[in-house]
Amino acid sequence: GTCQQPWQCNCREGWGGLYCDQDLNYCTNHKPCQNDASCTNTGEGSYTCTCRPGFTGKNCEIETNECDSNPCKNGGSCKDLENDYSCECPQGFYGKNCEISAMTCADGPCFNGGTCVENVGGGYSCQCPPGYTGSNCEKRIDKCSSNPCANGMNRANGSPELMVLQS
């Protein structure tokens with residue numbers, strides 16, 4: 001800037017502030033936004049970046065990892081792509097998230113006496129007998145996990161412990 005009177009600065013175009021030290025066109029002069037983000041001057045040396053999908057951070061410098069949310073099901077492994085991901089499915093599963101089973105009821109996928117039902121559009125589901133859970137009835141339900149025993153009572157191996165009260 002130039003000065004015609006003491007403490008009165010006449011700023012060149014693109015500069016502002018009391019001493020012409022604020023870059024009003026920060027986006028053009030410094031190009032702070034990365035990964036093809038758009039930059040908007042907000043005045044006095046400030047700016048904001050509008051990130052493309054798949055990027056985050058003040059300058060859009062951080063690539064979002066879509067695998068962080070564990071989108072792949074049934075043991076599928078996730079590969080992060082730009083603004084997307086892909087799942088490599090284990091044998092017997094397919095779909096964007098490995099959510100569809102290639103097995104049918106003819107393959108006998110239900111364990112522990114579960115009843116197999118064919119799904120419309122492919123795949124199957126298992127209806128589990130009491131005491132079992134999981135997509136293939138493979139997990140035994142731990143009846144103690146909900147802490148059903150009150151007043152300090154424990155349950156081990158199906159037989160309750162006796163609690164002796166003294167008065």
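# Notebook: disulfides and surface of a predicted chain

I began with Leu18, which counts as exposed because its relative accessibility is 62%. I kept in mind that the model is predicted. Leu18 sits in the loop between strand S3 (15–16) and strand S4 (22–23). I then looked for its partners on the surface. Leu18 makes a nonpolar surface patch with Trp7 and Tyr19, of about 460 Å².

**Whole chain**

I turned to the chain totals. I found one helix and 18 strands. The chain has 167 residues, and 18% of them count as buried. Its exposed area is about 12,100 Å². Carbon and sulfur atoms supply 48% of that area. I also looked up how far apart in sequence the contacts reach. Among contacts with a separation of 6 or more, 11% are between residues 24 or more positions apart.

**Disulfide count**

How many disulfides does the chain hold? I get 10 disulfides, counting cysteine sulfur pairs within 2.5 Å. I went through several of the cysteines one by one.

**Cys11 and Cys20**

I noted a disulfide from Cys11 to Cys20, with 2.1 Å from S to S. The torsion about the S-S bond is -90 degrees, and the link of Cys11 and Cys20 is left-handed. Are the two ends buried or exposed? Cys11 is partly exposed, because its relative accessibility is 31%. Cys20 is buried, because its value is 10%, under the 20% limit.

**Cys110 and Cys126**

Next I checked Cys110 and Cys126. Their sulfur atoms lie 2.0 Å apart and form a disulfide. Why do I call the disulfide of Cys110 and Cys126 left-handed? The torsion about its S-S bond is about -90 degrees, so the handedness follows. I then placed both ends in the fold. Cys110 is in the loop between strand S12 (100–101) and strand S13 (115–118). Cys126 is in strand S14 (residues 124–127). The two cysteines are 16 residues apart in sequence, so the pair ties together parts with that separation. Cys110 counts as buried, because its relative accessibility is 16%. Cys126 is buried too, with a relative accessible area of 14%.

**Cys128 and Cys137**

I went on to Cys128 and Cys137. Their sulfur atoms are 2.2 Å apart, and the pair forms a disulfide. The link of Cys128 and Cys137 is left-handed, with -95 degrees about the S-S bond. I looked up the cover on each end. Cys128 counts as partly exposed, because its relative accessibility is 28%. Cys137 counts as buried, because its relative accessibility is 0%.

**Cysteines without a bond**

Cys3 is in no disulfide. The nearest cysteine sulfur to that of Cys3 belongs to Cys9, 5.4 Å away. I then asked about Cys9. Which cysteine has the sulfur closest to that of Cys9, and why is there no bond? The closest sulfur is in Cys20, but it is 4.7 Å away, which is too far for a bond. The cut-off for a disulfide is 2.5 Å. As noted, Cys20 is joined to Cys11. Cys9 counts as partly exposed, because its relative accessible area is 32%.

Notes:
Residues numbered from 1 in each chain as written. Predicted model: local features only at pLDDT ≥ 70, side-chain atom pairs only at ≥ 80, totals over all residues. Heavy atoms only, no water. Buried < 20%, exposed > 50% of the residue type's maximum accessible area, 1.4 Å probe, protein only. Helix = DSSP H or I, 4+ residues; strand = E, 2+ residues; numbered from the N terminus. Contact = heavy atoms within 4.5 Å. Areas by Shrake-Rupley, 256 points an atom, 1.4 Å probe, with all protein chains shown as cover. Patch = residues over 30% accessible without salt bridge, like charges linked within 9 Å, V, L, I, M, F, W, Y side chains within 5 Å. Salt bridge = Lys/Arg side-chain N within 4 Å of Asp/Glu carboxyl O.
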